[in-house]
Amino acid sequence: MQIETKRLKMIPSDSHSVSLMATQNYDNGPEVANHVKELADDPTLYGWGSWLVLRKSDDVFLGDAGFKGKPNAKREVEIGYGFLESFWRRGYGTEAVGGLIDWAFNTMAVEKNCRNKFG
């Protein structure tokens, strides 16, 4: 499983993707490792946690983005992301979140909700 956008390729975190991270010494905090541990206990979380974000042009790890768990009873999810500082301010976060939103809606497990929590 993979998400592709114009400039990015995203792969869900699992034991295989963690081994890929090691090849580039990617370390952007504990979220990916924590999700892989949770996934071992609950395989239905696959896709509903951290996704590794790579630049398509050269497969460099830029950061990670993903869901903070499976959809709730209202079919809503929360998305978070973190990119290595050297890749900030280039629109990668916006592009990654857009890819995640499209993927979530396409699974039919998430329903569009136009409510704005901030205003």
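These legends walk through close-up views of one predicted model.

Local features are reported for a predicted model at pLDDT of at least 70 and side-chain atom pairs only at pLDDT 80 or more, whereas totals for chains, interfaces and linings use all residues. Residues are numbered from 1 along each chain as its sequence is written, and side-chain values use heavy atoms, with hydrogens and water left out.

**View 1. The whole chain comes to three helices and five strands.** Helices (H or I, at least four residues) and strands (E, at least two) are DSSP runs, numbered from the N terminus. Along the sequence they follow the pattern β-β-α-α-β-β-β-α. Of the 119 residues, 39% count as buried; here buried means under 20% relative accessible area, exposed means over 50%, and partly exposed is in between (1.4 Å probe, protein chains only). The chain exposes about 7300 Å², and carbon and sulfur atoms supply 51% of that area. These areas come from the Shrake-Rupley method with a 1.4 Å probe, and for residues only the protein chains shown count as cover. Among contacts (heavy atoms within 4.5 Å) between residues at least 6 apart in sequence, 55% join residues at least 24 apart.

**View 2. Confidence varies along the chain, with its lowest helix or strand mean in α1 and its highest in β1.** The score here is pLDDT, the predictor's confidence in each residue, from 0 to 100. The chain averages 85, and 88% of the residues score at least 70. Helix α1 (residues 15–23) has a mean of 73, while β1 reaches 96. Please read residues 115–119 with care: pLDDT stays under 50 there, and the model has one contact beyond four places in sequence for this stretch.

**View 3. Strand β3 pairs with β2 and with β4.** Two strands pair if DSSP finds at least two bridges between them. Strand β2 (residues 8–12) runs antiparallel to β3, joined by five bridges. On the other pairing, β3 and β4 are also antiparallel, again over five bridges. Val53 is a handy residue to follow: its bridge partner in β4 is Gly63, and Val53 is itself the β3 partner of Met10. β3 and β4 form a hairpin with five residues between them, and Asp59 in the turn has a positive phi of about 60°.

**View 4. Both faces of β3 are covered.** Ser50, Leu52 and Leu54 are buried on one side, and Trp51, Val53 and Arg55 are buried on the other. Six of the six residues of β3 are buried, so the strand is largely enclosed by the rest of the structure.

**View 5. Trp48, Trp51, Phe67 and Trp103 form one aromatic cluster.** Rings of Phe, Tyr and Trp (its six-membered ring) pair if their centres lie within 6.5 Å; planes under 30 degrees apart count as stacked, over 60 as edge-to-face and the rest as tilted. A search of the whole structure finds six aromatic pairs. In one of them, the ring centres of Trp48 and Phe67 are 5.0 Å apart with planes at 55°, so the pair is tilted. Trp48 sits in the loop between α2 (31–41) and β3 and Phe67 in strand β4, so this pair ties together parts that are 19 residues apart in sequence. Trp48 is buried at a relative accessible area of 9%, and Phe67 is buried at 5%. Phe67 also pairs with Trp103: their centres lie 5.7 Å apart and their planes at 35°, so this pair is tilted too. That second pair links Phe67 in β4 to Trp103 in helix α3 (residues 92–106), 36 residues apart. Trp103, like Phe67, is buried.

**View 6. Lys56 and Glu4 meet in a salt bridge.** A salt bridge is a side-chain nitrogen of Lys or Arg within 4 Å of a carboxyl oxygen of Asp or Glu, and the count comes to six. The N to O distance between Lys56 and Glu4 is 3.2 Å. Lys56 lies in the loop between β3 (50–55) and β4 (61–67) and Glu4 in strand β1 (residues 3–4), so the pair ties together parts 52 residues apart in sequence. Lys56 is partly exposed at 34% relative accessible area, as is Glu4 at 48%.

**View 7. Two further salt bridges join Asp58 to Arg55 and Lys68 to Glu78.** The closest N and O atoms of Asp58 and Arg55 are 2.8 Å apart. Arg55 is buried at 17%, whereas Asp58 is partly exposed at 40%. For Lys68 and Glu78, the N to O distance is 3.4 Å. Both residues lie in the loop between β4 and β5 (79–83), ten residues apart. Lys68 is exposed at 59%, and Glu78 is partly exposed at 44%.
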